[in-house]
Amino acid sequence: MSAHPWVLVAPWYRWDRPAVPGAGRGTAPAFQKFSSDTYVLDFLANPQRSLRFEPGVDEVQELHYTAAPKILPPAALAGKITSLFPTGKKGQPGPFLTSLRPTGLRKIYLDTHSRHYLVVCELHCDLAGFPSPDAREVCQAGLVVRRRHLSYPDSARAEAQAIVKDLVAVDRAIAALRGAAPGADCGCGPSRNQTLATRLRSLFKTAAPGLPALEETRAGLNARLAAWRGRAGAHWLLEGWIPGDRDRIGAWGLVEDEPQDLVEAWSPMWALFADPARPDHDAAGRTIFYGVLPSASFDTDLAGKARFDDHTTYEVRCFVRRHDPRCPRGAAPDCRGELVWSRASERYRLAAPFDLLGTSNRPVTIQLPNLAELAAQATQLPIGKFSPVKIIQPQSLSPKVKDGVCTSGTMGGPAICFISIPLITIVAYFVFSIFLPIVVFVFGLWFLLAFKFCIPPQIDFDVGLELKLEAVGELGLDLDADFSINVEVAGVLTPVSAASLNAELKTTLAGGFADAYGFDPGDVGDGLADFSSTPLKGLADLGLEIEALPGDVAADPPVRGNIEADVHFETPVTRMGTPA
């Protein structure tokens with residue numbers, strides 16, 4: 001039985017120098033990511049083999065709004081709208097350019113995104129040589145999910161926001177000079193760079209300061225932020241989920257950093273035992289614990305607010321309880337032995353359920369019923385046998401349809417209806433097909449068209465438009481500025497100006513989208529008439545990509561690409577130090 005102090009750290013294969021004791025001290029539990037639904041079994045067999053966290057994919061992106069540039073007279077496109085997004089962050093009339101910028105904060109996808117996570121830590125005696133205690137000395141192991149808030153008075157908010165804005169601008173400029181500029185604009189215009197230049201000019205009196213000046217300023221801003229915390233009395237508050245008296249009801253409440261009495265909700269962790277047939281197993285000679293990182297819960301507070309959401313920042317602390325030899329062994333916790341806590345894990349946020357990257361990890365195919373097959377079965381099957389959905393209506397609602405239009409409705413008495421699943425599927429997709437163009441047109445959300453396309457392609461663009469757009473791009477011309485060039489189309493030099501290209505974009509897009517999405521060409525033309533050529537070119541590029549898709553439905557071409565193409569595993573490491 002060891003009486004030495006314990007420490008919980010990252011598993012040895014996640015240390016900077018694998019298994020070298022000095023490299024493990026001070027580390028925090030590690031997250032390991034998996035795509036397989038058998039991830040626990042995979043981990044037990046090969047603990048190191050997990051997916052690599054990728055920049056841009058596994059980090060939270062922050063949404064930024066920037067007022068779209070205006071085109072002023074006497075330009076030919078003066079007054080045209082230069083962005084496809086109509087409002088600002090608070091709903092103020094736009095247009096606005098939107099862009100995503102990485103925050104460096106870890107992003108955790110949900111189980112529905114086909115991504116799973118384990119929290120892994122390793123127990124050591126805090127002695128020279130960093131030896132591993134016997135796992136049997138641990139009578140309880142687990143993890144808690146917490147959230148951390150910086151508390152400060154409202155009156156101090158404006159000063160902190162100004163400092164943080166300057167810090168962000170300086171960090172971006174440093175990243176750009178080092179060739180690692182974070183994020184990319186939406187491609188809608190130059191405003192992001194202009195904003196950065198403006199911010200830098202206010203700090204340095206020049207928009208292009210050198211690296212030494214930037215780093216010196218960053219140090220000064222960090223010092224100002226630290227001084228602000230002292231003046232404002234800002235301090236971190238740590239909250240854990242405190243279960244209530246009723247199942248699934250609880251609340252976030254203040255907790256100690258390393259309590260000895262465990263009052264907050266916790267998830268179990270288990271000891272990782274090495275395969276005795278594999279002396280090179282990653283757990284051989286080590287005391288490693290693992291647990292599932294919870295990314296969803298049915299728990300709510302009394303107001304019905306969910307325990308986990310996608311806009312709160314969380315962190316994990318692992319703990320083990322040392323068995324008290326004075327107590328008999330039993331179900332954990334079998335005694336009130338000492339709790340040993342790890343450092344806080346890296347901070348993270350959960351992906352939204354509809355996250356575009358996350359949902360693309362789990363492709364779904366919905367087979368619509370064959371109408372001809374249904375027609376053949378409709379009158380030959382016993383009534384009710386194939387209508388498994390029973391709908392009981394205390395009051396029946398009956399619409400009246402005339403000339404294909406719902407004109408009125410009546411409310412009748414009780415009724416029971418039986419519906420076949422194929423019928424529900426057909427109507428659901430039909431309703432989606434009707435309302436997609438309505439939503440796009442009514443709210444002017446043309447960019448939504450990027451998220452639906454069909455095979456065979458239903459868009460047909462004029463080759464001449466492609467040639468003109470290519471020529472403008474090769475010359476580096478601003479689509480929204482006045483220009484006049486000649487482009488060879490079918491062997492004939494054709495004059496192209498900013499106004500003529502804008503008109504051709506509008507006409508071509510109206511025709512193409514009308515065919516593909518069921519719009520009225522005139523309505524689409526009217527809807528696109530207010531836009532400048534830059535946002536219209538974005539839509540045209542989308543249309544050209546759709547037009548180039550293969551058209552053989554029977555071949556079911558893999559246009560979604562290989563969903564495993566961007567999946568990469570961590571590089572396995574070997575022990576550099578002497579195992580304890």
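Q: In this predicted model, which residue forms a salt bridge with Asp 541?
A: Asp 541 and its partner both belong to helix α12, which spans residues 533-547. Because they are four residues apart there, about one helical turn separates the two. The closest N and O atoms of the pair are 2.8 Å apart, and the partner of Asp 541 is Lys 537.

Q: Are Asp 541 and Lys 537 buried, partly exposed or exposed?
A: Buried requires under 20% relative accessible area and exposed requires over 50%. Asp 541 has a relative accessible area of 30%, so this residue falls in between. Lys 537, with 25%, is likewise classed as partly exposed.

Q: How many salt bridges does the protein contain?
A: The criterion is a side-chain nitrogen of Lys or Arg within 4 Å of a carboxyl oxygen of Asp or Glu. By this rule, the count of salt bridges is 22.

Q: Where in the chain do Asp 355 and Lys 107 lie?
A: Asp 355 forms a salt bridge with Lys 107, with the closest N and O atoms 2.7 Å apart. The pair links distant parts of the chain, 248 residues apart. Asp 355 is in the loop between β15 (348-350) and α6 (356-360), and Lys 107 is in strand β5 (residues 93-108).

Q: Why do Asp 355 and Lys 107 fall into their accessibility class?
A: A residue is buried when its relative accessible area is under 20%. Asp 355 has 12% relative accessibility and therefore meets that condition. Lys 107, at 9% relative accessibility, also counts as buried.

Q: Which residue forms a salt bridge with Arg 286?
A: Arg 286 lies in the loop between β11 (270-272) and β12 (288-292), while its partner lies in strand β6 (residues 116-125). The pair therefore ties together parts that are 164 residues apart in sequence. The closest N and O atoms are 2.6 Å apart, and the partner is Glu 122.

Q: What are the relative accessibilities of Arg 286 and Glu 122?
A: The limit for a buried residue is under 20% relative accessible area. Arg 286 is buried, with a value of 8%. Glu 122 also counts as buried, its relative accessibility being 0%.

Q: Which residues are linked with Asp 299 in a network of salt bridges?
A: Side chains of opposite charge can pair when their charged atoms come close. In the network that includes Asp 299, the linked residues are Arg 248 and Arg 307.

Q: Which residues gather in a patch of negative charge on the surface?
A: One of the members, Asp 523, is located in helix α11 and is partly exposed, with a relative accessible area of 35%. Another, Asp 530, lies in the loop between α11 (521-528) and α12 and is partly exposed at 46% relative accessibility. The patch consists of Asp 520, Asp 523, Asp 526 and Asp 530.

Q: What distance separates the C-alpha atoms of Asp 523 and Thr 87?
A: Along the chain, Asp 523 and Thr 87 are 436 residues apart. In space, their C-alpha atoms are separated by 22 Å.

Q: What accessible area do the residues of the nonpolar surface patch have together?
A: The patch includes Leu 423, Val 427, Phe 430 and Val 431, as well as Phe 443. Val 431 lies in helix α8 (residues 421-443) and counts as partly exposed at 37% relative accessibility. Together, the patch residues have an accessible area of about 980 Å².

Q: With which residues is Leu 397 in contact, leaving aside its neighbours within four places in sequence?
A: Leu 397 lies in strand β17 (residues 397-402) and is exposed, with a relative accessible area of 62%. Leu 505 is 108 residues away from Leu 397 in sequence and 46 Å away in space, C-alpha to C-alpha. Beyond its sequence neighbours, Leu 397 is in contact with Thr 410 and Met 411.

Q: What percentage of the residues of the protein count as buried?
A: The secondary structure comprises 12 helices and 21 strands. The C-alpha atoms fill a box of roughly 90 × 80 × 50 Å along the principal axes. Of the 580 residues, the buried share is 37%.

Key: Residues numbered from 1 in each chain as written. Predicted model: local features only at pLDDT ≥ 70, side-chain atom pairs only at ≥ 80, totals over all residues. Heavy atoms only, no water. Patch = residues over 30% accessible without salt bridge, like charges linked within 9 Å, V, L, I, M, F, W, Y side chains within 5 Å. Areas by Shrake-Rupley, 256 points an atom, 1.4 Å probe, with all protein chains shown as cover. Buried < 20%, exposed > 50% of the residue type's maximum accessible area, 1.4 Å probe, protein only. Lys, Arg positive; Asp, Glu negative; His and termini not counted. Charge placed at Lys NZ, Arg CZ, Asp CG, Glu CD. Contact = heavy atoms within 4.5 Å.
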